[in-house]
Amino acid sequence: MNEILNQEKSIYLQISEMIENDILRDILYEEEKVPSTNELAKFFKINPATAAKGINLLAGEGILYKKRGIGMFVAQGAKEAVRKKRKDAFYENYIKTLLVEAKSLGIREEELIEMIQRADVNS
């Protein structure tokens with residue numbers, strides 16, 4: 001969780017995304033304990049309630065679960081759940097917009113596929 005908080009979105013959302021990123025990058029594994037709200041609050045110099053809101057968001061989605069008296073842990077299947085959530089968001093936020101714009105520009109499906117294949121995703 002080396003990321004830095006910014007002003008672009010709510011802090012609690014950034015906290016939840018950082019934990020999701022750590023799950024996707026295999027920094028946090030299934031059944032592994034995640035940092036406590038107090039640890040997050042101290043590290044990021046934020047209110048513990050804000051950190052708790054980010055943690056609870058993930059718990060509500062089944063990505064984390066609570067072991068009473070011990071803390072929050074990464075749930076079984078969390079990595080796939082995060083991946084699916086992110087793919088769904090990618091579709092909603094990028095693909096649909098891309099298709100609407102392509103249609104308004106008169107770009108045919110074949111042209112769009114050619115453009116995607118021509119794009120260098122490594123640059």
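The exercises below work through a predicted model.

**Exercise 1. Helix α1**

Task: Check whether the length of helix α1 agrees with the span expected of a helix.

Solution:
- Step 1. Helix α1 covers residues 11-24, which makes 14 residues.
- Step 2. The expected span is 1.5 Å times one less than the number of residues, and for helix α1 that gives 20 Å.
- Step 3. The end C-alpha atoms of α1 are 20 Å apart, so the expected span and the model agree.
- Step 4. Just past the end of α1, Asp26 has a positive phi of about 60°.

**Exercise 2. The covered side of α1**

Task: Find which residues of α1 are buried, and state what covers them.

Solution:
- Step 1. A residue counts as buried under 20% relative accessible area.
- Step 2. The residues of α1 that are buried are Gln14, Ile15, Ser16, Met18, Ile19, Glu20, Asn21, Asp22 and Ile23.
- Step 3. The cover over these buried residues includes the helices α2 (37-44), α3 (48-60) and α4 (78-104), together with the strands β1 (64-67) and β2 (71-74).
- Step 4. Take Ser16, which lies in α1. Its relative accessibility is 3%, and therefore Ser16 is classed as buried.
- Step 5. Apart from neighbours within four places in sequence, Ser16 is in contact with Gly54, Leu57 and Leu58.

**Exercise 3. Ala59**

Task: Decide whether Ala59 is buried, partly exposed or exposed, and list its contacts beyond its sequence neighbours.

Solution:
- Step 1. Ala59 belongs to helix α3.
- Step 2. Partly exposed means between the cut-offs of 20% and 50%. Ala59 has 27% relative accessibility, so Ala59 is partly exposed.
- Step 3. With neighbours within four places in sequence set aside, Ala59 is in contact with Leu64 and Met72.
- Step 4. Leu24 is 35 residues from Ala59 along the chain, and the C-alpha atoms of the two are separated by 16 Å.

**Exercise 4. The strand pair**

Task: Describe how β1 and β2 pair, and find the residue with a positive phi in their hairpin.

Solution:
- Step 1. The two strands β1 and β2 are antiparallel, and their pairing runs over 4 bridges.
- Step 2. Across the pair, Tyr65 stands opposite Phe73, which is in β2.
- Step 3. The hairpin has 3 residues between the strands, and Gly69 in this hairpin has a positive phi near 80°.

**Exercise 5. Positive phi in two loops**

Task: Compare the settings of Glu31 and Lys45.

Solution:
- Step 1. Most residues other than glycine have a negative phi.
- Step 2. Glu31 is not a glycine, yet its phi is positive, about 70°. Lys45, also a residue other than glycine, has a positive phi near 55°.
- Step 3. Glu31 sits in the loop between α1 and α2, whereas Lys45 sits in the loop between α2 and α3.
- Step 4. Glu31 is partly exposed because its relative accessible area is 34%. Lys45 is exposed because its relative accessible area is 75%.

**Exercise 6. The largest pocket**

Task: Give the volume of the largest pocket, and describe its lining.

Solution:
- Step 1. The largest pocket holds about 200 Å³ of space.
- Step 2. Its lining has 14 residues, and those nearest the centre are Thr37, Ile55, Lys66, Gly71 and Met72.
- Step 3. Two or more lining residues come from each of α3, β1 and β2. The largest share is that of α3, with 3 residues.
- Step 4. Sorted by class, the lining contains 6 nonpolar, 5 polar and 3 charged residues.

Technical notes
Residues are numbered from 1 along each chain as its sequence is written. This is a predicted model: local features need pLDDT of at least 70, side-chain atom pairs count only at pLDDT 80 or more; totals for chains, interfaces and linings use all residues. Side-chain values use heavy atoms; hydrogens and water are left out. Buried means under 20% relative accessible area, exposed over 50%, partly exposed in between (1.4 Å probe, protein chains only). Contact means heavy atoms within 4.5 Å. Two strands pair if DSSP finds at least two bridges between them. On a 1 Å grid over the protein atoms alone, a cavity is a set of points where a 1.4 Å probe fits but cannot get out, and a pocket is an open set with protein on both sides within 12 Å along at least five of seven lines; lining residues have an atom within 4 Å of a point. Grid points are joined across faces, edges and corners, and a volume is the space filled by probe spheres set on the points. Ala, Val, Leu, Ile, Met, Phe, Trp, Tyr, Cys and Pro count as nonpolar, Asp, Glu, Lys and Arg as charged, and the others, Gly among them, as polar.
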